[in-house]
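Biologist: I would like to learn how to read a protein model feature by feature. Could you take me through one slowly?

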Amino acid sequence: MKKLIGTSLFSLFLFTAGVCASEHASLSEQQWIEKGEQVAIASDCQACHTKPEGGKPFAGGYGISSPMGMIYSTNITPSTVDGIGKYSEAEFARAVRDGIRADGSHLYPAMPYTSYTKLSDEDIHALYVYFMQAVPAIDEENIPTELPFPFNMRFAMLGWNMMFLDKGRFEPDSSKSDQWNRGAYLVNGPGHCDTCHTPRNLLMGEDTGKAFAGGMVGPWYAPNITSDAISGIGGWSNAQLVEYLKTGRVTGKNQAAGGMAEAVQNSLQYLPESDLQAIALYLKSTTPVRDPQDTQPADSFGKALNVEIDLRGQHPSTANNTLDSGAALFSGNCASCHQPDGSGSKNQAYPSLFNNTATGSSNPANLVSAILFGVDRKVGDEHILMPHFGPQSYVNPLNDKQIALIANYVLHSYGNPAVTVSEADVAELRAGGPVPLLARLQPYMAPAMIAAVIVLLALILVLGRKRRKTKK
């Protein structure tokens, strides 16, 4: 009987292995590599796992500024010394979809495994073949991530995952078209759009009740991309959304900067047209979420206004230190590229400042961050570069007051006049963006934990004494 069971189990194993082998044999190794490269592009792996300005592809070391501290991406080349060269496919899948490394330690959700959990087995296999067979192995040591206590306790991610990791592969909706399902898979899976565009709760989990309603990512604001016509992209045509995803800009609408510029540069511009159309179709079908303070679409604000008319003749040509107002600072630092009337350059590489979501938004973070950090985006043969005016600016370093003056001039002249920027707002973004409550509480967590232990020990001591008295 035992021999029969053993023979049956062995036969079942051979059958299962044969099925898996036959599934994976449906494509040649080269075809799996090509498919895996497309999945890696759609997942934007290179953007986070490659140092900017000369870093070796996928060798890690990219610093991700999280509210809890700096998190460094790891080497994911097939190096057996510093990379993932010793990972089995099962270990690779567990890291990508569950956030658990081969050594059993937990990854931080700066690696968007909460979205990658939806990746299909086929795409995981393709990714594994691509990284192991086509990516050059680079022996480059990882930069350790050293977050402050208690965020450095990776095992705590076990509890976080229980609350916020919705495990499971993508399940197509049979009532929707194949194109819609493809868009839903790309947006919620490899594209991990929700990671940036969904607001976070107190414990930094995604607020799924407001999916895609917008959220801060460091000093940048990932805007509302729900189908709402006022706060979201409901007023965009599908063709405009495709154009934006492919090029990073749409005249009279928006232009990509910060993390979105990286996504366009490293990922979205290389997706097939059919995938971009699927993404647009899906986004236009999402549940609309409106911000109560939005009264009209952000791209509907403003009109041309020539700054020079009011400035002309105010000061003699030999006067010094005259850039003391928002208008004067705009004229001296911005008008040469964005034009004195704010209409932008002829080819809109330097966009119009009116009919622009960065200036019309009720959240001015992207306007201020564009001044602080600039815009750098390469699409095809075109390189869009706006110089930054932060501390290391090669153009003109501006202080918080000067940037606030420029931002307010732009907002009130070309954008949303109901929005005002303070020096404190600029300082906050310069320092990396708003600090969530969880991070603000960090200095008090260790003392609180010690106090809790002391209280617990005291309770145990008191209860022990009462029990001994009762026995007497």
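Modeller: We will go from the whole chain to its annotated domains, then to a helix, some backbone angles and a cavity.

Biologist: Where should I begin, and what does the secondary structure of the protein chain come to?

Modeller: Begin by remembering that this is a predicted model, and then take the overall counts. The secondary structure of the protein chain comes to 21 helices and eight strands, and the C-alpha atoms fill a box of roughly 105 × 80 × 45 Å along the principal axes. Of the 472 residues, 44% count as buried, and among contacts between residues at least 6 apart in sequence, 63% join residues at least 24 apart.

Biologist: Which residues does the annotation "domain: Cytochrome c" cover?

Modeller: According to the UniProt record, which is an unreviewed entry, that annotation covers residues 31-135, 178-287 and 321-414. Such annotations may be inferred rather than shown by experiment. In the span 31-135 the end C-alpha atoms lie 15 Å apart, with 42% helix and 8% strand, while in the span 178-287 the end C-alpha atoms lie 19 Å apart, with 42% helix and 9% strand.

Biologist: How do I read the buried residues of a helix, taking α10 as the case?

Modeller: The general idea is that an α-helix has 3.6 residues a turn, so residues three or four places apart point the same way. In helix α10, residues 238-247, the buried residues are Leu241, Val242, Tyr244 and Leu245. Seen down the axis of α10, these buried residues fall within an arc of 160°, so they line one face of the helix.

Biologist: What do the buried residues of α10 pack against, and what follows the helix?

Modeller: They pack against the strands β5 (249-250) and β6 (254-255), and also against the helices α11 (258-266) and α12 (273-283). After α10 comes Gly248, whose phi is positive, near 85°.

Biologist: How should I read a positive phi or a cis peptide bond in the backbone?

Modeller: In general, most residues other than glycine have a negative phi, and most peptide bonds are trans. Here Met204 has a positive phi of about 70° although it is not a glycine, and Phe212 likewise has a positive phi of about 70° without being a glycine. Met204 is found in the loop between α9 (193-197) and β3 (215-217), and Phe212 lies in the loop between α9 and β3 as well. As for the peptide bond, a cis one joins Phe149 and Pro150, with omega about 5°, and Pro150 is found in the loop between α6 (121-133) and α7 (157-164).

Biologist: Are Met204 and Phe212 buried or exposed?

Modeller: Buried means under 20% relative accessible area. Met204, at 17% relative accessibility, therefore counts as buried, and Phe212, at 5%, counts as buried too. The cut-off can be applied to a helix residue in the usual way: Asn408, found in helix α18 (residues 400-414), counts as buried because its relative accessibility is 15%. Leaving out residues up to four places away in sequence, Asn408 touches Val419, Thr420 and Val421.

Biologist: How many cavities of 30 Å³ or more does the structure hold, and what lines the largest cavity?

Modeller: The structure holds one cavity of 30 Å³ or more, and about 80 Å³ of space lies in the largest cavity. Its lining includes Arg249, Val250, Asn254, Gln255, Gln348 and Pro351. The elements that give two or more residues to this lining are β5 and β6, and the lining residues divide into two nonpolar, eight polar and two charged.

Definitions and conventions
Residues numbered from 1 in each chain as written. Predicted model: local features only at pLDDT ≥ 70, side-chain atom pairs only at ≥ 80, totals over all residues. Heavy atoms only, no water. Buried < 20%, exposed > 50% of the residue type's maximum accessible area, 1.4 Å probe, protein only. Helix = DSSP H or I, 4+ residues; strand = E, 2+ residues; numbered from the N terminus. Arc of directions from axis to C-beta. Contact = heavy atoms within 4.5 Å. 1 Å grid on protein atoms, 1.4 Å probe; cavity = no way out; pocket = protein on both sides within 12 Å on 5 of 7 lines; lining within 4 Å. Points joined across faces, edges and corners; volume = space filled by probe spheres on them. Nonpolar A, V, L, I, M, F, W, Y, C, P; charged D, E, K, R; others polar.
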